[in-house]
Amino acid sequence: MGVRMTELHELTLDELAESLREEAFRSPAKDADAWKALLVLVDEVTNSDRIDLLTANRKWLLRKLTVEGFRGAKHEINFAVDNPHGITVLFGENGSGKSSLSEAVRVALEGRTGATHLGATGGVHELWGSSDQRSQGVDKATVTVVLSDEATTDRLTICAIIDSTGVHRKGLLESQSERIELEAESPAWEVWADAIRASPPVLAYAELADELQKKKDLQVWLTSCLAMDNASRVFEARVKAEVEFALTAEKLLTNAREISMRAVLEADADAVRQGVENISDLEWTDWASTEELDEWLESNDIVERQARPHVLDRDVLASLPNRGRDFIKAWKAWSEAATTALLTAQVTNALLSMHDHVLRSNQGDNGGVCPTCGSLHEDWRGHLKAEAERLQGAQRAASRLKLLVREVPTKLIVPLKTCLHVLPFEFDVAVASEARNLIREVECFLKGDDLDVDLLSAIGNLSKWLERPQATALLDVALNASGLQHQWKCDRWDAVAPFVTAFHLHIENASRAGTLKKARTKWNGHLAKIRSTRSSSLHALVGPAVSTLLGDVGISVSAIDITKAESRLDLVNSKGEVVELAHLSAGQRNALILGPVIATAESGIFGFSILDDPVHAFDDFRVDKLSSTLAQIGRKQALILTTHDARFVSYLRVHAPLDFSVLSTQRDEDGRMTLRATKDAPAELIEFASELAGDLKKVAARNGRAEIVALLRMALDEAFEQLALRHYARRPAAVAKIDRVSLNEAMLTDDRKRVLRSFMADSPLQLAAFTSAWQVVSVPSRRWSKAVHDPRLVPDVEQLATDIATADQVVTMLREIRW
């Protein structure tokens, strides 16, 4: 962890596991369990069945791109990349389709449109962004990307179809031994997406600059540049899941314990009410294993028991004599009321209705005749009222008695039958037999009228028996024999059983909660160390790149500190003064953003990078420096650059490796794109001169030879200029500026030659190569210069052919002079 990296390659899960093992080895003994838990998890992750056939030990090279119906490429366009290294430039005006091709690659690789450089935290631009990337007027777009693995030569073909419902992606992986089709739902795409998120191969530079608006955006962007997000995110998700799983198990156990504790208290209270004695409080403790819990259960006699089918309630039995007395009292009240009101129910109701009517009416005295009995009665209204009250009392007594009769089966007969059922064998047979007979007598009349005299008499006999000492003895013996203490123990088990079940299910995971929480803390600390180390490495890589791009103003990166919560990117000027990001010009800001891109270009699973318009808002100095930097990267991997800036193309030609090509992009009004290979200025001039010489020879024309000579002289001057640019790139900015003035002041070819030789005074190999080239062209160049002023010195057709070949040879020799 303490070694500073000289490059930022993608952190793999295996490397992450090894770093955790090293940290665990150095950790104190008190943290051993936490580190052991982390090592178990990381081993599970690295040995899991993640489908990494597209990512494990891969370095994918872009071989071919076919696009149709996508943005500016309405008609089919094919783009092939022949070399695994070098630089390919797509050069054309705005709207010529360059960005359409780069975005097509991104959509095919990511399987979605509207993607941002900031992942899930970014969003499609409200005004300029769109999730529908189809060309105008087409139903679907098709993008096919062909990749090859640098090490195995395995071939991966990705086909993405974009329609109104979204992107539908499929893949075909071809190796020497098999063909694997990857449908849209293949789990291999998930791991593929993680790898792309960690090291995206396509950068739409203007979009990125637009997305970086807030501090959190910078945090996300710089974190992705650490090339560790894939492995760390996968492992962190596993740690988080394990901790949450353990905490959930712990919470379930806590809840189950609280519920069981309340249920035990309720069972104990109910047993005390029933008369169970010697109940001691249950002392709960913490158990680390099922064995400890089982020992506690056994010591407290809490085991699963079979509950007995007949259990008596003390309060219910105590209420039986009272219920009998209530019946006797109600029966007596009804009997007395019924004796003074021997009328049928219909007559009773008629008299009550008459009384009610009299009270509510203005009826006279009816001639002194009582409407109830028909006899003369001076106070017949009082007589009617007394009769009504007597009849109402009889009705209330009957209702009360009926209610008690109807409760007899459940409130009297059932408890008494249960008592008889649980009586021990040795109990007095005569008493038990008497009780059975009384119960049987009641049951015999229960199906009749509620006020049947025989039924009332049978219930009365049973009620009177309940007052006798024999009944009291029978109830007491039955209560004890019903097993209240046994039932209490059954109730205690029922109260504790849900917790026991939960304990057996969750204790293994719950017991790990403390260790896993500590392990998570250790992981966060370890992750912070990885970030710190990689931040230092990123600083070491970004610093020189930024210093190069901003060297003219003396701005450099003083610190890069990336934590989980925030990121710092500190700048200073040549005096050591802090430079605020807000004080940078557009070009300087863009140069700063490119620093991490350049630093991490070689990380990840892709052996190519596509940069869309990376010189946005750049002046000549920054275009030159970026071209030089990208040329170095192009010697190690393939770079595809898009631009409409001719300066960028020129500077790239100066610095680029030999594997360098420029494709001119054009698009007509119907969306038909073309890609045409172009040459550098000297080669283009020589080619034009050769074509013109051929035309003159065909028609035997005398005019036009002077124009050919002028083209050859221009080609030599352009070759000198490109050589000078390569020289400027190796010099400090101030010195390069002076050298540039010196060359610009040299107007003649001989003078420019002498200035160039002075530039190479410290470079004997380059000077020797330049001398050899000059020896080849010195005589023809003087003839070309003189011919400009004296038409008689213009070479004839045969000599022109020789001069063209000489110019081509010298331009090639000068092009190969590099530092």
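How many bridges pair strand β4 with strand β5, and in which sense do they pair? Keep that in mind as you click around, and remember that the model is predicted.

**Stop 1: the open sheet**

Select residues 141–149 for β4 and 155–163 for β5: the two strands pair in the antiparallel sense, over 8 bridges. To find a pair of residues facing each other, pick Val-143, which stands opposite Ala-160 in β5.

Now widen the selection. The strands β4 and β5 sit in an open sheet of 6 strands, ordered β2-β1-β4-β5-β6-β7, with antiparallel pairing. At the edges you'll find β2 (77–80) and β7 (179–182), each of which pairs on one side only. Going from one strand to the next, the twist averages 15°.

Two helices pack on this sheet, so show them one after the other, because their angles refer to different strands. Helix α3 (residues 98–110) touches β1 (60–68), β2, β4, β5 and β6 (166–174), and its direction makes about 75° with that of β4. Helix α4 (residues 188–198) touches β1, β4, β5, β6 and β7, and the direction of α4 makes about 100° with that of β6.

**Stop 2: strand β3 and its partners**

Next, select residues 86–91. This is β3, a mostly covered strand: 5 of its 6 residues are buried. Add residues 638–643, strand β13, which runs parallel to β3 and is joined to it by 6 bridges. Click Leu-90 and look for its bridge partner in β13, Thr-642.

Then add residues 660–667. That is β14, which pairs with β3 in the parallel sense over 5 bridges. Here the residues to click are Thr-88 in β3 and its bridge partner Ser-661 in β14.

**Stop 3: α1 across α16**

Which way does α1 cross α16, left-handed or right-handed? Select residues 13–26 (α1) and 513–549 (α16); the angle between them is about 115°, with the axes 11 Å apart. That makes the two helices roughly perpendicular. The crossing is right-handed.

Show side chains for the contact. From α1, they are Leu-16, Ser-19, Leu-20 and Glu-23; from α16, Trp-523, His-526, Lys-529 and Ile-530. Colour them by class and you get 4 nonpolar, 2 polar and 2 charged residues.

**Stop 4: α21 alongside α23**

Move on to residues 705–729 (α21) and 749–759 (α23). Their packing angle is about 20°, and their axes are 11 Å apart. With an angle under 35 degrees, α21 counts as roughly parallel to α23. The crossing is left-handed.

For the contact, α21 supplies Arg-713, Leu-716, Asp-717, Phe-720, Glu-721, Leu-723, Ala-724, His-727 and Tyr-728, while α23 brings Thr-749, Arg-752, Lys-753, Leu-756 and Phe-759. Sorted by class, this contact has 7 nonpolar, 2 polar and 5 charged residues.

**Stop 5: positive phi outside glycine**

Pull up a Ramachandran plot if your viewer has one. Asp-301 has a phi near 55°, a positive value in a residue other than glycine. Find Asp-301 in the loop between α8 (290–299) and α9 (314–339). Its relative accessibility is 33%, so Asp-301 counts as partly exposed.

Is Asp-613 buried or exposed? Asp-613 also isn't a glycine, and its phi is positive, about 55°. Look for Asp-613 in the loop between β12 (608–612) and α18 (620–634). At 16% relative accessibility, Asp-613 counts as buried, since the cut-off for that is under 20%.

One further positive phi is at Ala-227, which follows helix α6 and has a value near 55°. While you're there, select α6 itself, residues 215–225: its buried residues are Asp-217, Gln-219, Trp-221, Leu-222, Thr-223, Ser-224 and Cys-225.

**Stop 6: a long stretch of the ruler**

Finish with a distance. Select Thr-410, in helix α11 (residues 380–422). Thr-410 is exposed, with a relative accessible area of 52%. Now draw a C-alpha to C-alpha line from Thr-410 to Ile-196: they are 77 Å apart in space and 214 residues apart in sequence.

How values were computed. Residues numbered from 1 in each chain as written. Predicted model: local features only at pLDDT ≥ 70, side-chain atom pairs only at ≥ 80, totals over all residues. Heavy atoms only, no water. Axes fitted to C-alpha atoms, helices over the stretch in contact; angles between N-to-C directions. Helix = DSSP H or I, 4+ residues; strand = E, 2+ residues; numbered from the N terminus. Parallel < 35°, antiparallel > 145°, perpendicular 65-115°, else oblique. Left-handed = near helix turned anticlockwise from the far one by under 90°. Contact = heavy atoms within 4.5 Å. Nonpolar A, V, L, I, M, F, W, Y, C, P; charged D, E, K, R; others polar. Pairing = 2+ DSSP bridges. Buried < 20%, exposed > 50% of the residue type's maximum accessible area, 1.4 Å probe, protein only.
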